[in-house]
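Let's take a walk through this one, beginning with a single side chain and then stepping back to a sheet and its helices.

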Amino acid sequence: MSKRKNNYYLLSLGCSKNTVDSESMAQLLERAGMHGTDDAGRAEILIVNTCGFINAAKEESINALRELAALKKKNQMLIAAGCLSQRYGGELVEKIPGLDGVIGTRRWMDIVDLITRLRARKHPEPLYHLPTDAVTVGGDERGARRVSVQGASAYLKIADGCRRPCAFCAIPLIKGTAVSRPIASIVAEAQHLETMGIQELILIAQDTTDYGHDLGLKDGLADLLDELTTKVPRIPWIRLMYAYPGYVTDRLIETMATRLQVLHYLDMPLQHGSRSTLLRMRRPANIEWCYKTVEKMRTAMPDLAIRTTFIVGYPGETDQEFDELMTFVRDMQFDRVGAFTYSYEENTPSADQADHVPQEVKEARRDALMELQQSISLARNQAMVGKTLNVLVEGKGDGLTIARSYRDAPEIDGYVIIDGDVPVGQFVPVRITGAMNYDLVAHCELVPLMPEIKLSV
């Protein structure tokens, strides 16, 4: 028997939601008797879970597939999974000779079935598994947990798909409409994570504030948080990502303010600050709602940290509209901001809009926005100096320790840099002694006596 037999290599690209799908596929592969390896040369099955959201992500996915195809040996099989596969299907085979199988993101749970078919095929033609009307919910997940553990933190997917009409976004084309997972399934997975010693639970979906709409729930995310904080009391941090403007309800604000485990942190992509641009984007365009709701949230939670993202250079964006965005950012004083230049997406409404902005203008506007935000971020960080924060330790080396506060989501926000050696996976109180544009510097007030936490699923 080949030394590669039953070994798989799985490369996950893109966002945390894609990482969860990769982890779920890995669980099904392991259950079927296969074994993961970090060495593609030692694997029978090569899988790339692709991202198809923007052009840069598409290119990264295609390049990764081409590289594996070029290195593929006899009796190895290469499979393209994920969003790019769902969107382009057979076109990938034309671009990447040597591709054996294509499976879409909507049917990730059929990965073992596809491999079984590939092993049984009598001719080398690629096999496709790209249902467009399938949804992923409840028992259809084949018992795979919808989580991804990263150190002492874990992402937990509460829904998939999206029903929002954003003109620039291909996600509804790729993933279909929003489908919420049952509360009981989410709670059961959170309880499993609690037994593992997970310290931070990060709830993710394309739109977390739409959770439960398809289940007939009026305020589904608040309902879910009430249930989680009751059923998993030993997970200290619960973090919310990907909120949708206009759907942060009074009850959700109250839940965040009163449930101690729910962090005073909200990631809410607003995409622009000009009503005219937002209308063309087919996004919520009530700028006054943003001002009032953020004020309401900050009144209920004075220490609230808000992260948002903006797209600059959207088709038709004028100098005046960009100035309105800059004024909006100045007024709102967000803690964290991500800025992206508009990426052309075929088959989306924005692709047909007139007056596309030149690339050099888009990049200049992005740089100007981030320069503004740097000064805001620095000022907000400087306001933390002298305060004591509880931080979650993530790593250490060379006499320094890296941690995150409640203000910092993994991978996308800043760090708290601590002088000294502190056990990984623990919470420690630190006194903030310095501030940079995105990071804080701190001194550890107390070193816990507990050993380092080492986690595995």
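**From one arginine to a sheet**

Start in helix α3, which covers residues 83-88: that's where Arg 87 sits. Keep in mind as you look around that this is a predicted model. Is Arg 87 buried or exposed? With a relative accessible area of 17%, Arg 87 counts as buried, because the cut-off for that label is under 20%.

So what does the side chain of Arg 87 make a polar contact with? One partner is the side chain of Glu 345, at 2.6 Å. Right next in the numbering, Glu 346 joins in with its backbone oxygen, 2.5 Å from a polar atom of the Arg 87 side chain. Leaving aside residues up to four places away in sequence, Arg 87 also touches Gly 52, Lys 58, Ala 170 and Ile 174, along with those two glutamates.

Now for the sheet. It's an open one with seven strands and mixed pairing, in the order β7-β8-β11-β12-β13-β14-β15. The edges belong to β7 (147-150) and β15 (336-341); each has a single partner strand, so one side of each has no neighbour in the sheet. On average, neighbouring strands are turned by 20° against each other, ignoring direction.

Zoom in on β12 (residues 237-240) and β13 (residues 262-267), and you'll find a parallel pairing over two bridges. Ile 238 has Val 262 in β13 as its bridge partner.

Finally, add some helices. Helix α8 (residues 220-231) lies across β11 (200-204), β12 and β13, at about 165° to β12. Helix α13 (residues 359-382) lies across β14 (305-312) and the edge strand β15, running at about 175° to β15.

Definitions and conventions: Residues are numbered from 1 along each chain as its sequence is written. This is a predicted model: local features need pLDDT of at least 70, side-chain atom pairs count only at pLDDT 80 or more; totals for chains, interfaces and linings use all residues. Side-chain values use heavy atoms; hydrogens and water are left out. Helices (H or I, at least four residues) and strands (E, at least two) are DSSP runs, numbered from the N terminus. Buried means under 20% relative accessible area, exposed over 50%, partly exposed in between (1.4 Å probe, protein chains only). A polar contact is a pair of N or O atoms within 3.5 Å; within protein, one must be able to donate a hydrogen and the other to accept it, and residues adjacent in sequence count only if both atoms are side-chain atoms. Contact means heavy atoms within 4.5 Å. Two strands pair if DSSP finds at least two bridges between them. Axes are lines fitted to C-alpha atoms, for helices over the stretch in contact, and angles run from 0 to 180 degrees between N-to-C directions.
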